[in-house]
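Please look over the model below before reading on. The points that follow concern backbone geometry and the packing of nonpolar side chains.

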Amino acid sequence: MSNELFDFDEILKYSPTDELIVSTYLLVDGARVTKKDYLSELNSMIAKTRDNIEVASGFEKSRQKNIFNTLDRIKSYVGDAYKRENEKTLLIYAGTDSELWKVYKLPIILKSKILVDPKPNTQSLRSLLSNYKKYGVLLIDREKAQIYQIYLGEIREYLAAYISEVPPKVNFRFESGLREKKILGKIDEKLHQFYRTLNENIFDFFKDNKFDYLILAGRKEIINEFKNYLHSYLSAMMIGTFEEEPSTHEHIILDKANKIISDFESDNINHTIDKLINELEPQGFGVLGLKKTIDALIADNIKTLVFMEDYTARGYACPACGYLTLKLQEKCPYCDNTLVNFNDIVDEIVESALNQGSEVLPVKESDKLKECGKIGAVLRYKFQR
Ligand SMILES: [Zn+2]
């Protein structure tokens with residue numbers, strides 16, 4: 001089964017019916033768990049869900065049976081058909097009466113859980129989607145231009161414009177016309193109009209929230225020509241260019257764009273880590289290390305969470321309200337429930353931060369962050385010592 005990352009609409013715009021939907025989040029991160037681990041986690045979640053349905057749901061037998069069949073279907077998919085790649089979390093939405101079946105492979109760790117509800121559980125998914133930047137790639141040729149959107153590592157193609165669609169005769173308004181004719185130089189009028197149309201189309205695409213950052217691609221002289229037409233707002237969003245022929249296959253475009261994106265993102269991350277360590281933490285606008293990061297999280301004070309991707313930590317969590325702590329306490333101080341010991345609470349931290357609207361930056365490599373406790377946060381407001 002292929003990744004359906006771009007196919008979120010059906011889930012996000014789902015209207016509840018009588019049908020129950022099983023939403024399964026399963027942490028499959030290769031740095032944290034083996035296949036055996038995640039299969040046994042899935043089995044125990046399924047067993048717990050079955051118990052809850054049998055004991056507490058009050059559903060009729062036939063309805064229960066449909067749910068159990070769906071859980072079996074999920075179990076056999078994960079056990080037999082599913083092959084783990086680079087994803088950190090597997091997300092499955094399965095209908096209990098209908099054919100609804102969606103599998104997403106998510107690039108960030110989320111807490112494993114199964115929920116049975118009249119609609120897909122999308123809170124974590126929505127938080128996750130808002131955390132990821134969208135990149136637009138505009139591939140330009142003298143005949144046509146294409147826009148690609150790259151999001152969560154997947155590429156999607158849109159048509160930007162054909163030069164053949166540009167009206168043959170252009171009516172400039174007098175004043176701007178004169179100015180434009182001077183810029184024109186050797187570029188013929190039709191091409192000039194093509195670039196203008198293209199700039200408008202890509203700006204509409206941007207206003208439509210289709211990308212946060214832009215990459216230009218094409219032959220060097222065309223990119224350089226077109227840059228003069230690009231809206232200043234978009235120029236500021238440009239993170240790079242690469243040379244490419246318009247007939248190139250999508251996966252080559254994705255590869256080249258990914259190189260630019262990953263350089264851009266790692267520059268960003270390194271900059272954030274440096275600033276956190278050198279400026280923000282000393283000034284009280286940042287924290288480093290697990291204990292203080294958890295305190296900031298509980299105070300809803302995390303603007304940006306940074307953590308080493310492979311970092312794991314033991315701790316205790318309240319199953320009811322999500323309270324986290326490193327030390328065992330009798331009861332949750334907020335809701336009096338019994339705390340549960342977790343081998344790894346980093347996924348809980350990441351998920352809570354996402355749900356609080358924090359930006360979350362997983363870090364692949366950083367000696368500086370490693371030395372400073374492997375986790376930290378830029379704060380929303382100053383931390384009182
Ligand atoms: Zn609690």
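The numbered points below take the backbone first and the nonpolar cores afterwards.

1. The coordinates belong to a predicted model, and the remarks here should be read with that in mind.

2. Most residues other than glycine have a negative phi. Against that background, D336 deserves a look, since it is not a glycine and yet has a positive phi of about 70 degrees. D336 lies in the loop that runs between β13 (324-325) and β14 (340-342), and it counts as exposed because its relative accessibility is 55%, where the cut-off for that class is over 50%.

3. K374 is another non-glycine residue with a positive phi of about 70 degrees, and it is placed in the loop between α12 (367-371) and β16 (375-379). With a relative accessibility of 33%, K374 is classed as partly exposed.

4. In soluble globular proteins, nonpolar side chains tend to be buried together. Here the largest nonpolar core comprises 54 residues, and the members with the most contacts inside it are L125, L305, F307, I349, V350 and V360. Domain 1 (9-131) and domain 3 (268-379) each supply at least three residues to this core.

5. Which residues does I349 contact, once its neighbours within four places in sequence are left aside? They are L290, I294, L297, L305, L324 and I375; I349 and L305 are both among the residues with the most contacts inside the largest core.

6. A second core, separate from the one just described, has 24 residues, including A145, I147, L191 and F194.

Terms used:
Residues are numbered from 1 along each chain as its sequence is written. This is a predicted model: local features need pLDDT of at least 70, side-chain atom pairs count only at pLDDT 80 or more; totals for chains, interfaces and linings use all residues. Side-chain values use heavy atoms; hydrogens and water are left out. Helices (H or I, at least four residues) and strands (E, at least two) are DSSP runs, numbered from the N terminus. Buried means under 20% relative accessible area, exposed over 50%, partly exposed in between (1.4 Å probe, protein chains only). A nonpolar core is a set of buried Ala, Val, Leu, Ile, Met, Phe, Trp, Tyr and Cys residues joined through side-chain atoms within 4.5 Å. Domain bounds come from an automatic or database domain assignment. Contact means heavy atoms within 4.5 Å.
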